[in-house]
Amino acid sequence: MALVILGLQFGHAQEKVSLPNAHAPLGVMGDHAHNKGEWMVSYRYMHMTMDGNRNGTDDLDDSFIATTVPNRFSGMDMMPPTLRVVPQDMTMDMHMLGVMYAPTDKLTLMAMVPYVVRDMTLTTYQGGMGSEVLGNFNTSSSGLGDVKISGIYKITSAFRGTLGVSIPTGSVEETDEVLTPMNMRNEMRLPYAMQNGTGTWDLLPGLTYSKSSEQTGYGVQAKAILPLADNSEGYKRGNRVEATAWGSYNIKRWVSFSLRAQYAHEADIDGIDDEIMAPVQTANPDYYGGSWINGFTGLNFIGQSGIVKNHRLAVEWGAPFYQDLNGPQMKAKSTLIIGWQYAF
C-alpha cells in the first residue's frame, strides 16, 4: 500500500515556538487537542498504491486466479466458472480539507472533508477457460468521500479520547466501462474498492497516549471504524481496528526523526450489492479485509522565526511488513506522508 498525505494547517496558537516532536507523526490522526478558542485548518493530499495479489500470506499469479479461483456468480447469464478478470495495480489519491476548533480547554472539535480519485488496471482473460489474455483496461472513479466529524477530549495531559462519526457523503453507485471475457465493452457498477464512500454511518472511537520532552517524544493510539447499519445498497464494510505506537527524537530544535509501527485488522464486507456482479475478485464481498503490520519512518520540521515561525512540515514513509488477506486480494505496497501545519 502506498499512501501520501500532504497536510496544511494555519494559525498562531502561542508566541512560544513548540518543538517538532510535540505532535505525533503525520499519519497519526487526532493525536493532539487545542486550548480554548484555538483553530486549525488543514489541507491533506494522500496517495496509495497496491500491486499484485495474495490469498492469506501467499502470493498468487494471474493465471492461477484466472483458471482456478471460482467465480461467485458462475451460472448466471454469460458468467464464466472462474475469475477471468484479474486486477494488476491500483492507486488512490485523496485531497482532504479539515478544520479543528476548541470551544473549551477540554474539548476540541474536528471535521475532515475528502475528495477521492481511484484508478485500477486490470487484465481480462478470453472466454470461460484457459490462460489466453484478451487485453488490459483501466477503471477510475472520483468524487466527494465520506465526511468525518469528531470530538477530542483531554482526559489528562497525556491521555486524549476521541469519538466521531463518518457521514455517508461519498457515492456508492460509481460506474465505468469494463472489458468482459466475451470481448465486449460494457458500462457497469464498479466494485466496492472503487466506490467513493462506504454508504454507511460509522462510529469512530479512539484513545491516544503521548508525551514529549525537550529531546524525545513517544505515544500509542488505538482506534476503530464501526459501521452502524447496512447502506442503501444492502451491505456494510467490515469493522476495522487499528493500533499504532511511535517514538521521535529532536535532531535539532527545528527537526525531529520518528519511527512508527501500526497494526490493522478489518473484517470482510457484510451483505452484497446486487448491482456489483462480475468475474473479478473485487466484486466478491468475501474477498475484502485482513490483517496488516506496517512500519513507518518520518521527519517533522517546524519554523523557528520570521514568516515560517510555527509552520510545521512533516514527512512520513512506510510499507507493510506483514499482510494476511481475505483473498484473492490486491497487496498493499507502500505509504508516503507529507504535511504542512499551522494553527491560530
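# Briefing on side-chain contacts and backbone features

The structure holds seven aromatic pairs. It is a predicted model, and it also holds eleven salt bridges. The points below treat aromatic contacts, a nonpolar surface patch, ionic contacts and backbone geometry in turn.

**Aromatic pairs and cluster**

- A pair of aromatic rings is described by the distance of the centres and the angle of the planes.
- The ring centres of Trp 39 and Phe 344 are 6.5 Å apart and the planes meet at 10°, so this pair is stacked; planes under 30 degrees apart are counted in that class.
- Distant parts of the chain are linked by this pair, with Trp 39 in strand E2 (residues 39–56) and Phe 344 in the segment after strand E18 (312–341), 305 residues apart.
- Trp 39 has a relative accessibility of 35% and therefore counts as partly exposed.
- Phe 344 is likewise partly exposed, at 40% relative accessibility.
- A tilted aromatic pair is formed by Phe 159 and Tyr 209, with 4.8 Å from centre to centre and 50° between the planes.
- This second pair also links distant parts of the chain: Phe 159 belongs to strand E8 (residues 159–167) and Tyr 209 to strand E11 (residues 202–212), 50 residues apart.
- Phe 159 is partly exposed at 34% relative accessibility, and Tyr 209 is partly exposed at 23%.
- Trp 39 and Phe 344 are joined by Tyr 101 in one aromatic cluster.

**Nonpolar surface patch**

- Tyr 153, Ile 155, Phe 159 and Leu 207 make a nonpolar surface patch of about 370 Å².
- Phe 159 thus has two roles in this description, as a member of the patch and as the partner of Tyr 209 in the tilted pair.
- Tyr 153 lies in strand E7 (residues 147–154).
- The relative accessible area of Tyr 153 is 43%, so this residue is classed as partly exposed.

**Contacts of Arg 260**

- The charged end of Arg 260 is placed over the ring of Phe 296, at 4.0 Å from the ring centre.
- Arg 260 also forms a salt bridge with Glu 316, with an N to O distance of 2.8 Å.
- This salt bridge links distant parts of the chain, as Glu 316 is in strand E18 and Arg 260 in strand E15, 56 residues apart.
- Glu 316 and Arg 260 are both buried.

**Other salt bridges**

- Lys 223, Arg 237, Arg 240, Glu 242 and Glu 266 are joined into one network by salt bridges that share partners.
- Within the salt bridge of Glu 242 and Lys 223, the closest N and O atoms are 3.9 Å apart.
- Glu 242 lies in strand E14 and Lys 223 in strand E12, 19 residues apart, and the pair links distant parts of the chain.
- Glu 242 is buried, with a relative accessible area of 17%, whereas Lys 223 is partly exposed at 30% relative accessibility.
- The side chains of Glu 214 and Arg 253 form a further salt bridge, at 3.2 Å from N to O.
- In this case the link between distant parts of the chain runs from the loop between E11 and strand E12 (216–227), which holds Glu 214, to the loop between strand E14 (240–252) and strand E15 (255–266), which holds Arg 253; the two residues are 39 residues apart.
- Glu 214 is exposed because its relative accessible area is 56%, a value over the cut-off of 50%.
- Arg 253, at 46% relative accessibility, is partly exposed.

**Backbone geometry**

- Gly 327 and Pro 328 are joined by a cis peptide bond, with omega at about 5°.
- Pro 328 is located in strand E18.
- Met 78, a residue other than glycine, has a positive phi near 65°.
- Met 78 is in the loop between helix H1 (62–68) and strand E4 (85–101).
- Asn 183 is not a glycine, yet its phi is positive at about 60°.
- The loop between strand E9 (175–179) and strand E10 (185–189) contains Asn 183, and this residue is exposed, with a relative accessible area of 53%.

Terms used. Residues numbered from 1 in each chain as written. Predicted model: local features only at pLDDT ≥ 70, side-chain atom pairs only at ≥ 80, totals over all residues. Heavy atoms only, no water. Patch = residues over 30% accessible without salt bridge, like charges linked within 9 Å, V, L, I, M, F, W, Y side chains within 5 Å. Areas by Shrake-Rupley, 256 points an atom, 1.4 Å probe, with all protein chains shown as cover. Salt bridge = Lys/Arg side-chain N within 4 Å of Asp/Glu carboxyl O. Helix = DSSP H or I, 4+ residues; strand = E, 2+ residues; numbered from the N terminus. Buried < 20%, exposed > 50% of the residue type's maximum accessible area, 1.4 Å probe, protein only. Phe/Tyr/Trp six-rings, centres within 6.5 Å; stacked < 30°, edge-to-face > 60°. Lys NZ or Arg CZ within 6 Å of the ring centre and 35° of its normal.
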